[in-house]
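Reader: I'd like a close look at one part of this model: the strand pairing, and whatever connects to it. Please take it slowly and give me the residues as you go.

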Amino acid sequence: MTTQKIAIVGAGLAGVYAAYRLHGLGLEFELFEARDRLGGRILSTATGGFDLGPTWFWPDCQPRMHALVAELGLPVFQQYEQGDALIERWATERVRREGYRSGNVSMRIQGGTARLVQALAASLPKTRVHLAAVVTGVARVDERVHLSFSDKRIHTADYTHLWLALPPRLGKNLRMVPALSGQEMQQMANVPTWMASHAKYVARYAKPFWREQGLSGDAFSGVGPLAEIHDAGTDQGAALFGFLGMDAARRNGVGASALKALCREQLVRLFGEEAADPLEDFFHDWAADPFTATPDDQVSPGWHGRHELQCAPDAPWSEALRWIGSEAGGEQGGYMEGALAAVDKALDEVTGETGVRRLGSPHC
Ligand SMILES: Cc1cc2nc3c(=O)[nH]c(=O)nc-3n(C[C@H](O)[C@H](O)[C@H](O)COP(=O)(O)OP(=O)(O)OC[C@H]3O[C@@H](n4cnc5c(N)ncnc54)[C@H](O)[C@@H]3O)c2cc1C
């Protein structure tokens, strides 16, 4: 076990969680991340801790997320859902309806989901974590894995294993020696990167004035630009957030600053004049982010289906390579729970133990 050395590519939740577990087990690893920050699709604003990426986990059906936040001692709270919801079918119509509660309780991490990544990364030795390291190729020579980088550095450390913590469509861009089969490449191309086609808007306010009107902050609109809006308040401030309803091509045509203005106008239509002047507002378009989305991710795949990416490829990479990103997470693929599930599966193989972290079969 001590001779294993694992190169992890990608430091979103999957990569950082893998590093945290491997470090805890006393196993050797190095973590390579293209961006100059950790977290990948997890991104919370520096002020307020408002989430521009994932917001919720569902403890009823996501045992790994539930156990991990408890293990890390992260305070959590329930999504604010008290009060009525608003429905906007036409710009001139605002319908108020009794609030709808989803069956599973939606929980959030106090201070934003980025706290989860920060807590996992806190114990990692800084020398093992490499930011701004864009991996462009991987080669397996004499049972050792070598990585190459966009700035032409060659990392010659003797890795025995390669864990790809990337969306498969981005992994497909890596130059692999020996190459994966055509069928495996096609399978990677077929797996959409969950939420990569989306964009999120957050408006921060001095107080949650909608709650004072008996509104939950939930709103659903066929007019837009926001299709679905929710309360985004944290212990650090009041806020509303929404998912943009228009596709990436239309968002590009309008531009970020004009989109923010249109979002503010819509919030005024729905919630009144107090929504006109947020203290600050934020917009992040994941479809325009090259370390998340590819040209194939510009349009939403629609319903969240089961992700069929196999964690282990066929020979000649079958011994050395594992997919550990969320899209390899099987039943919960695409969600944060899926990232943890894919990592746990790879860990079970490395340690030769089964079920150390596998916590039953979730049903959402
Ligand atoms: C707007 C939005 C809302 C969401 N809401 C929820 C939610 O409420 N609940 C939920 O459970 N999930 C949600 N998700 C999904 C959730 O974010 C993902 O399941 C999870 O964050 C994926 O983690 P990951 O580590 O597998 O992948 P990623 O976070 O995508 O990490 C991959 C990492 O690889 C890096 N990388 C890419 N290419 C290279 C390269 N060549 N070399 C080195 N590094 C590279 C990237 O920079 C990135 O850091 C949402 C996602 C988005 C975008």
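Author: Let's settle one term before we start: two strands count as paired here if DSSP finds at least two bridges between them. Keep in mind, too, that this is a predicted model.

With that rule, you get an open sheet of five strands, ordered β7-β2-β1-β11-β18, and the pairing is parallel. The edges belong to β7 (129-130) and β18 (321-323); each has a single partner strand, so one side of each has no neighbour in the sheet. Go to the β18 end and look at the partner there. Strand β11 covers residues 161-164 and is joined to β18 by three bridges, with the two running parallel. If you want one spot to zoom in on, take W163, which stands opposite R322 in β18.

Now for some antiparallel pairing. As a general matter, strands of a sheet pair through backbone hydrogen bonds, and they can do it either way round, parallel or antiparallel. Strands β8 and β9 run antiparallel and are joined by six bridges. R140 is a handy place to see this, since its bridge partner in β9 is V145. Next along, β9 is joined to β10 by three bridges, again antiparallel, and there you can find L147 opposite H155 in β10.

The turns are worth a stop. The hairpin of β8 and β9 has two residues between the strands, in the loop that runs from β8 (135-141) to β9 (144-149). D142 is in that loop, and its phi is positive, about 50°, although it isn't a glycine. E143 is in the loop between β8 and β9 as well, and its phi is near 65°, also positive in a residue other than glycine. What about exposure? D142 has a relative accessible area of 70%, which makes it exposed. E143 counts as exposed too, at 58% relative accessibility. The hairpin of β9 and β10 has four residues between the strands, and in that turn K152 has a positive phi of about 75°.

Next, the side chains that link this region to the sheet. There are ten aromatic pairs in the model. One of them joins F32 and Y159, edge-to-face, at 6.2 Å centre to centre and with 85° between the planes. F32 sits in strand β2 (residues 28-32) and Y159 in strand β10 (residues 154-159), so this pair ties together parts that are 127 residues apart in sequence. Both F32 and Y159 are buried. In other words, a strand of the five-stranded sheet and a strand of the β9-β10 hairpin are tied together through those two rings. While you're at β2, have a look at F29: R128 lies over its face, at 5.0 Å from the ring centre.

Another edge-to-face pair is F241 with F243, at 5.4 Å centre to centre and with 85° between the planes. Both F241 and F243 are buried. They belong to one aromatic cluster, together with W56, W58, W194 and Y335. F241 has a charge for company as well, because the charged end of K200 sits over its ring, 4.4 Å from the centre, and that is within the 6 Å cut-off for such a contact.

Follow F241 a bit further and you come to some empty space. The structure holds one cavity of 30 Å³ or more, and its volume is about 30 Å³. F241 is in its lining, along with D51, T55, R108, D231 and A232. By class, that makes two nonpolar, one polar and three charged residues.

D231 also takes us back to the strands, as β15 covers 226-231. Just ahead of that strand, in the loop between β14 (215-221) and β15, lies P225. A cis peptide bond joins G224 and P225, with omega about 10°. There is a cis bond from V177 to P178 too, with omega near -5°. P178 is found in the loop between β12 (175-177) and α5 (182-190).

If you only keep a few views open, I'd pick W163 opposite R322, the β8-β9 hairpin with D142 in it, and the F32-Y159 pair.

Definitions and conventions
Residues numbered from 1 in each chain as written. Predicted model: local features only at pLDDT ≥ 70, side-chain atom pairs only at ≥ 80, totals over all residues. Heavy atoms only, no water. 1 Å grid on protein atoms, 1.4 Å probe; cavity = no way out; pocket = protein on both sides within 12 Å on 5 of 7 lines; lining within 4 Å. Points joined across faces, edges and corners; volume = space filled by probe spheres on them. Nonpolar A, V, L, I, M, F, W, Y, C, P; charged D, E, K, R; others polar. Phe/Tyr/Trp six-rings, centres within 6.5 Å; stacked < 30°, edge-to-face > 60°. Buried < 20%, exposed > 50% of the residue type's maximum accessible area, 1.4 Å probe, protein only. Lys NZ or Arg CZ within 6 Å of the ring centre and 35° of its normal.
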